[in-house]
Amino acid sequence: MTQAVGMHGAGIASLPPLGSLPLARGTADRGSAFRTAPDLFDRLWEEPGTRVLHLAGKQSPVQDHRLVLSSAAEVVRPENPVYLGSTVESTANLAAGTHIVLVEHEDVQADLAPVESWLGLRDAAASLPALESGLFVEAVAISNWHATHTHCPRCGHRTESIDGGWVRRCPADESLHYPRTDPAIIVTVTDEEDRLLLGSSAAWPENRFSTLAGFVEPGESLEAAVVREIEEESGIVVHSPTYLGSQPWPFPASLMLGFTAKAAHARPVPDGVEIREVRWFSRDELFTGLKEERLSVASGASIARALIEHWYGGPLDEEPSAGRP
Ligand SMILES: [Zn+2]
């Protein structure tokens, strides 16, 4: 069972302005034509090379910084598996053209890996190889969609999973329903002196700051969402929004679209609901505040961290480069 190899690899995984984002490194061929075959899962379970990615409660077994991908022959085929794609290039443990299928379990399976080896995306994805990180992100995202779209929005009838798990069909009115992704903009706003605007969410510990962000509304362009969200959360009016890169964030269904925008220096006013405090930071203020542990910023796999470091010009634990404010 072979298929054409598409255009994949580093050219897609690595976005120039922000570099390689932890959850945006996937290299699998999703096989969007291949997955519509009516006998898809019969064929995949007969194919000796097919591997299974396991999920239980959005966790997957990870050992030695690799996903535990079982042979399909050793896994009981569930009612609704999802086709995740195939490998384009061979890796240390997978041949090129290996098909990967998602199987979900009610609970973690101790016979696959010790209970403590089952990890969530936030804990595991950044340290997985690119291919496996991408498969894990894809698996969690499509799993979240199925879990919340079980019934037809037109008539309320229970829908069924078809096309390898990438469409849900209503048997009552034959309507088709496709996976949804919620676009959200996230922005580094800078003033004339290249200071950065950061806000502290009311839901966070005090003195934790991050870039302002918000969901795109129906009928709205990304650029308009940038201007609206920043004004709502800070009172600052921005211009010249410029796209920097994106990263899926399936908690549960976001796609984070990173922007930078400019503003005239003015006193920001937090909305008092979502945002408790919002202020401008110079690079020195941010570096010193972090070093003295008077404040913290977004960390780990988030695009917020990558955006802040893009503005800063390097890792936040290093002193700001000379010549920058
Ligand atoms: Zn229906």
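**Exercise 1. Unusual backbone angles**

Task: Is Ser240 buried, partly exposed or exposed?

Solution. Ser240 is partly exposed, with a relative accessible area of 40%. The scale runs as follows: buried is under 20% relative accessible area, exposed is over 50%, and partly exposed is in between (1.4 Å probe, protein chains only). This is a predicted model, in which local features need pLDDT of at least 70 and side-chain atom pairs count only at pLDDT 80 or more, while totals for chains, interfaces and linings use all residues. Residues are numbered from 1 along each chain as its sequence is written, and side-chain values use heavy atoms, with hydrogens and water left out.

Next, take the backbone. Most residues other than glycine have a negative phi, and most peptide bonds are trans. Ser240 is not a glycine, yet its phi is positive, about 55°. Ser240 sits in strand E15. Helices (H or I, at least four residues) and strands (E, at least two) are DSSP runs, numbered from the N terminus.

Asn207 also has a positive phi, about 70°, without being a glycine. Asn207 belongs to the loop between strand E12 (196–201) and strand E13 (208–209). Asn207 is partly exposed, at a relative accessible area of 37%.

Last, a cis bond. The peptide bond from Phe251 to Pro252 is cis, with omega near 10°. Pro252 lies in the loop between strand E15 (238–249) and strand E16 (254–263).

**Exercise 2. The zinc site**

Task: Which residues coordinate the zinc ion, and what arrangement do the donor atoms make?

Solution. Start with the donors, meaning N, O and S atoms within 2.8 Å of the metal (3.2 Å for Na, K and Ca); water is not among the atoms, so sites may look incomplete. Cys152 (SG), Cys155 (SG), Cys170 (SG) and Asp173 (OD) coordinate the zinc ion, at 2.3 to 2.4 Å. Their spacing in sequence reads C-x2-C-x14-C-x2-D.

Now check the angles. Four donors count as tetrahedral if all angles lie between 85 and 135 degrees. The 4 donor atoms subtend angles of 97 to 122°, so the arrangement is tetrahedral. Ideal angles for four tetrahedral donors are 109.5 degrees.

Then compare two donor residues. Cys152 is buried, with a relative accessible area of 4%. Cys155 is partly exposed, at 43%.

**Exercise 3. The nonpolar cores**

Task: Which residues touch the most other members of the largest nonpolar core?

Solution. A nonpolar core is a set of buried Ala, Val, Leu, Ile, Met, Phe, Trp, Tyr and Cys residues joined through side-chain atoms within 4.5 Å. The largest has 39 residues, and Leu53, Leu84, Leu102 and Phe136 touch the most other members. Several elements each supply at least two residues of this core, including strand E1 (51–56), helix H4 (130–148) and H7. H4 gives the largest share, 8 residues. The core draws at least three residues from each of domain 1 (10–148) and domain 2 (182–312). Those domain bounds come from an automatic or database domain assignment.

Apart from this core lies another, of 18 residues, among them Ala225, Val238, Leu257 and Ala263.

Look also at helix H7 (residues 303–312). Of its 10 residues, 7 are buried, so H7 is largely enclosed by the rest of the structure. Trp311 and Tyr312 are among the buried residues of H7. Just after H7, Gly313 takes a positive phi of about 95°.

**Exercise 4. Salt bridges**

Task: How many salt bridges does the structure hold, and which parts does the pair of Glu132 and Arg66 tie together?

Solution. A salt bridge is a side-chain nitrogen of Lys or Arg within 4 Å of a carboxyl oxygen of Asp or Glu. The structure holds 15 salt bridges.

Glu132 forms one with Arg66, the closest N and O atoms being 2.7 Å apart. Glu132 lies in helix H4 and Arg66 in strand E3 (residues 66–67), so the pair ties together parts 66 residues apart in sequence. Glu132 is buried, with a relative accessible area of 1%. Arg66 is partly exposed, at 23%.

Arg228 and Glu232 form another salt bridge (3.2 Å, N to O). Both lie in helix H5 (residues 222–234), 4 residues apart, about one turn of the helix. Salt bridges with shared partners join Glu217, Glu220, Arg228, Glu229 and Glu232 into one network.

Notes
Tetrahedral: all angles 85-135°; square planar, octahedral: opposite > 155°, others 65-115°.
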